[in-house]
Structure formats: C-alpha cells, structure tokens
Amino acid sequence: MLDIGALKSKFLSALETATSEEAIENLRVEALGKKGEISLALREMGQMAEDMRQKIGPELNEFRKSFADEIARRKEAFADAALNLRLEAEGLDMSRPARPRNHGTIHPVSQVTEEIVAIFADLGYSVAEGPQLETDWYNFDALNMAPEHPARQEHDTFYMHRDEGDNRPPHVLRTHTSPVQIRHMEKHGVPCRIIAPGRVYRADYDQTHTPMFHQYEGLCIDEGVSMANLKWTLQEFCRAFFEVENVDLRFRASHFPFTEPSAEVDIRCSWAGGQLKVGEGDDWLEVLGCGMVHPNVLSSAGVDPETHQGFAFGMGIDRLAMLKYGIPDLRAFFDSDIRWLRHYGFSVLDRPDLAGGLSK
Ligand code: DAH
C-alpha cells in the first residue's frame, strides 16, 4: 500500500537538502518526471479499489501540485541568486579609462583648405566650385590661351578619349582651377569675390609633383580694383596663413596668358638648420602666381572690361601644406599610409578658425 506520508517526507527533505539548481532539477525528474515516483503513484491509482482511490487521490494530487510549485519557487530563487552573484562580479566601473579606439585624422590638404577658406571668408570671399572634367574652352581658350598658345604645352594635359570620327575638341582633366573664374562670372556676373579650391591634374610625377594635386584660385572683380588691392590681399593672406606678423612679399614680373600685368610672388624665409621659417632670413620662396585679369578673359565670361576689372591669383594647396607643416614629399600625401596620416593628420576637434588661431 502506498505510504503518502513517507513519500511526502522523503521528497520534502530531499528538497530541503538540494543545494543547487541542478540538484533541484534532478529531484523534479525523480518525483514528477514521466517515470517519477509521484507520477507513477498517480498512474497506479487507476488500479486501486474505489474507496482507496478516493482516500488517497486528492491528497496525492494536492501534494503533486504543491511540490511542483515549491520546486519552481526554489529553482527561481537559485536563478536569482546566481544572477545577483554575476551582477556583483560584473559591476561597471565608470572610473576606469575607456578602451583605446582608432579614429581618423583630417588630411593636411583638407586642413589647409579649411584654413584658406577661413582666412578668405574673413575677407568677404565666398567659395566657388567647378567640374574637374572640363572642356578645353574653359580650361584654355576662355583664359586667353588659343590652341596654338605655347603655354598649353607646358600644362602636361590629360585629354579624354573621343570616339573615332568624333571631331569635337577633347575634354580635359582641368590643369588648373582658373576655369572656375569663367564659370563663376558667366553664372553670377560681377562684382564678385571668390576662392575656388579643388583638384587639378597634370601628367607629372616626382618628389614635388603628382598627377593629381590641389590648387585654389582667387578672383576679385569690381569697378576700380587695383594691383595695390591685390598686394594687400595676398599680404594679409600670407600673414594669417603662416601665422607670422611680418611677412615680406616680393612681386616678380612674370607672364600668364590670363593676366596682364602678371606677377609671381615670393615670400621671405630662412632655411636655417633645415627648418623653414617664414618672415625672416635671406631666402625667397615662390608661393603663387597672380595678376590683373586680362580683358580677353573678362570678355569670354561676358563681363565688360571697360567697366569692370580686378585681380586673380592661383596657389598650390599641397605646396602650402608642405611648407607650413614641414612635409618633405608630396607623393606621400596620396599613398593613404595610415602611419603618415596619423603623423601629419589633424584632430577632428581642431577646426581652424581665425579667432582661435588657425592650427594649434
Ligand atoms: N593657373 C595658374 C597655374 O596653374 C596659376 C595662376 C597664375 C592663376 C596667375 C591665376 C593667376 O589666377 O592670375 O599655374
């Protein structure tokens, strides 16, 4: 005969002494699983005499239910305790240093471009852009460089392919930012004050030349603009850009088809100890080309040279970056070598502005 009392106390004391979630699960299988003792006892009740069944049945069922509840409760308690232990062990220490993370840097070309833009924005210039793939009219003709003009040969131009039988003049990768002068005046008219930074292309490759490099163009057209305005503007730029109070500029007569008169500008510097210092010493460093915009250029852009005139200038951005930040080889600019970028790159948080100093 089934001894319910013995069954109950056996399992209750086993539950009492079970010290892990696993032990409780084993006990559950032993008592309540398919072949568990309580399950079997319940199944065997079918064969019992009616009166016995009525006597034992409810009690056994009651015990099965309360024992199952108790097991669930104890299991949950163990799971909670295990979770608490884990949480304690894994506590977050906010005072610990963060894990080092890789982040990128601002490329010297981008940095210097932003510096230039900041300086000229302060002088009332806005930024203009033009396409890198140009017609040869914008790149040459409109800038007073006729097809037979010798200056065209000096540009080592990349010409785009034309299909056989297509006799239109080929497009070119622009060899300078000067065509933006024409595009801007055509579209927006005069007066205007713009700078146009961007990529330019020439078939050339050595320590100071790469087939793609960066220039920016400056253009200021109005009534009564003079060479003196040009000189002041460039002086102001060099003073702000190289961050020296006294810049000495030397204007050398030169020739560009798109300006008349034309000049190349050198800046006083010293190379003492192999280190470039701007504003002192007895050396001169060529930094840009400039001049008064040629009447033919104004006419090409639909501007009347009788009423309006002004100046233009062009500089190499990469070259300015090399000079200002002491970077010896231009080719490395475009190698994407992560070590070079880390060394010469600028912090993302360090954006140039005139009030805060251009570069820290
Ligand atoms: N476009 C010239 C070059 O690439 C640079 C230049 C010289 C631009 C004189 C000008 C300028 O606007 O007036 O070599």
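Here are some questions and answers on a predicted model of a protein with a ligand.

Residues are numbered from 1 along each chain as its sequence is written. In this predicted model, local features need pLDDT of at least 70, side-chain atom pairs count only at pLDDT 80 or more, and totals for chains, interfaces and linings use all residues, while side-chain values use heavy atoms, with hydrogens and water left out.

Q: What radius of gyration does the protein have, set against a compact globule of 360 residues?
A: The radius is taken over C-alpha atoms, and the globule rule is 2.2 Å times the number of residues to the power 0.38. The C-alpha atoms fill a box of roughly 125 × 60 × 40 Å along the principal axes. A compact globule of 360 residues would come out near 21 Å, but the protein has 42 Å.

Q: How many helices and strands does the protein have?
A: Helices (H or I, at least four residues) and strands (E, at least two) are DSSP runs, numbered from the N terminus. On that count, the protein comes to 12 helices and 10 strands.

Q: Which residues of α2 are buried?
A: Helix α2 covers residues 21-32. Buried means under 20% relative accessible area, exposed over 50%, and partly exposed in between (1.4 Å probe, protein chains only). By that cut-off, the buried ones in α2 are Ile-24, Leu-27, Ala-31 and Leu-32.

Q: Within what arc do the buried residues of α9 fall, seen down its axis?
A: Helix α9 runs over residues 227-242, and its buried residues are Leu-230, Thr-233, Leu-234, Phe-237, Cys-238, Phe-241 and Phe-242. The arc is that of the directions from the helix axis to the C-beta atoms. These residues line one face of the helix, because they fall within an arc of 135°.

Q: Which residue has a side-chain oxygen reaching to the backbone nitrogen of Ala-228 at the start of α9?
A: A polar contact is a pair of N or O atoms within 3.5 Å; within protein, one must be able to donate a hydrogen and the other to accept it, and residues adjacent in sequence count only if both atoms are side-chain atoms. Here the oxygen comes to within 3.2 Å of the Ala-228 nitrogen, and it belongs to Ser-226.

Q: Which side chain has an N or O atom 2.6 Å from an oxygen atom of the ligand?
A: Start with the 15 residues that surround the ligand (a heavy atom within 4 Å), the closest being His-176, Ser-178, Arg-202, Gln-215 and Glu-217. His-176 has a side-chain N or O atom 2.9 Å from a ligand nitrogen, and a polar side-chain atom of Gln-181 lies 3.3 Å from a ligand oxygen. The 2.6 Å pair with a ligand oxygen comes from Glu-217.

Q: Where is Pro-191, which is joined to Val-190 by a cis peptide bond?
A: Most peptide bonds are trans. The one from Val-190 to Pro-191 is cis, with omega near 0°. Pro-191 lies in the loop between α8 (179-188) and β4 (192-201).

Q: Is Ser-336 buried or exposed?
A: Ser-336 is found in the loop between α11 (317-325) and α12 (338-344). Its phi is positive, near 55°. With 60% relative accessibility, Ser-336 counts as exposed.

Methods:
Expected span 1.5 Å × (residues − 1).
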